[in-house]
Each structure stands twice: as C-alpha cells, then as structure tokens.
Amino acid sequence: MIWLVAVLRVKVMSVSRMPSPLVSRRMVTVVMVPPSAPSKQLDVFPNPAPERDYVIRFDVPEFTCLCPLTGQPDFAHFTIEIIADKQCVETKSLKQYFWSFRNEGAFHEKVTNTILSDLVAAIQPRFARIHADWFVRGGIRTFVTAEHRAKGWKPAPRVDLPGGE
C-alpha cells in the first residue's frame, strides 16, 4: 500500500489591525499516516474469566489473499472459535493480522493452518477451531477446518436445554 505525501503552500499574513502585504511563504509537508496497517503481530490481553470455559467467536467475512499459481485474488469467510486459557487475542491486531495476507500467495490449506498455528503460539488456548469457507475458484468451493486442543484439556459435557436450537 502506498501513502501519498502532500506538499501544501500556506500563505502567512500579518495579524496587525491594518491591512499589510504578504509577510512570508512557507512550505508545509503533510504526511498521511494510515489509521492502521497490516501486521503479523497478534496482541494479547489477560483472559478476564480464566476460571471457566467460554467460547470467543470471530467472524471474518472479507479475507483476501492471492492464489500462489495465478496471482489472482482468493476470497474466504473465516470463523474462529476459541476457548482461551490465560490470554485472549486483541481484535484490532487480529484484523491487521488478517489484512497482512492480502498480497501473499498461499494455498487455502496452508493459510488456514498458518492462522491457527499463529493464534495458538500467541495465546496458547485450551481449544481453537478455524473454519475457512473459500469462495468458488475454477468451479470448486473449498472448505478447510483445523483444530487445536491443549494437552490434557477436556471440554465439559454438552448441556442441551428444552426448546433450544
């Protein structure tokens, strides 16, 4: 991504009560800084409720990377489910992390597993599942699901309540 630097000419006028001619001219450089940028860094924060298992779900409907063979864009919808242990991932850094794949070429299976590995390395969750729904390319739609379970972690038994879905 390229950010432009704009150079503006600013006229500085005298501030006296009587009208006066132009006192000086200055060149001012204004640098446009993006509000955020792609990054491979995943920031974390302490889990606010480490005493219980609860699911954190991220829905990423606009993922983009490049096909490693053709260079054409690939699009996917990611769903991530995490049961955190001591750390949670910060959502802005997760957004910037996903953005960092935009100009990289990779196979669907590789990207999905890389994202899972990077999340596990950052937060060491009790459980993580990533489901990637890769949009049609060449007439084929691809689904990739990868999971991580911490050694020794066992989920609590499922509770089904009447009238629930």
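Helix α2 runs over residues 108-123, and its length checks out: with 16 residues at 1.5 Å each it should span 22 Å, and its end C-alpha atoms sit 23 Å apart, which agrees. Keep in mind that this is a predicted model. Besides α2, the other thing to look at here is the largest pocket, with about 310 Å³ of space in it.

**Helix α2**

- On the buried list for α2 you'll find His108, Val111, Thr112, Ile115, Leu116, Leu119, Val120 and Ile123.
- Those buried residues take up an arc of only 165 degrees around the axis, so they end up on the same side of α2.
- The general background is simple: an α-helix has 3.6 residues a turn, so residues three or four places apart point the same way.
- Flip to the face of α2 turned away from its buried side and you meet the exposed residues Lys110 and Ala121.
- Just past the end of α2, glutamine 124 adopts a positive phi of about 45 degrees.

**The largest pocket**

- In total, 13 residues line the largest pocket, and Val60, Glu62, Lys95, Phe98 and Trp99 are the ones nearest its centre.
- Two elements, β4 (56-66) and α1 (91-99), each give two or more residues to that lining.
- Strand β4 supplies the largest share of the lining, with 7 residues.
- Sorted by class, the lining of the largest pocket comes out as 7 nonpolar, 2 polar and 4 charged residues.

Key
Residues are numbered from 1 along each chain as its sequence is written. This is a predicted model: local features need pLDDT of at least 70, side-chain atom pairs count only at pLDDT 80 or more; totals for chains, interfaces and linings use all residues. Side-chain values use heavy atoms; hydrogens and water are left out. Helices (H or I, at least four residues) and strands (E, at least two) are DSSP runs, numbered from the N terminus. The expected span of a helix is 1.5 Å times one less than its number of residues. Buried means under 20% relative accessible area, exposed over 50%, partly exposed in between (1.4 Å probe, protein chains only). The arc is that of the directions from the helix axis to the C-beta atoms. On a 1 Å grid over the protein atoms alone, a cavity is a set of points where a 1.4 Å probe fits but cannot get out, and a pocket is an open set with protein on both sides within 12 Å along at least five of seven lines; lining residues have an atom within 4 Å of a point. Grid points are joined across faces, edges and corners, and a volume is the space filled by probe spheres set on the points. Ala, Val, Leu, Ile, Met, Phe, Trp, Tyr, Cys and Pro count as nonpolar, Asp, Glu, Lys and Arg as charged, and the others, Gly among them, as polar.
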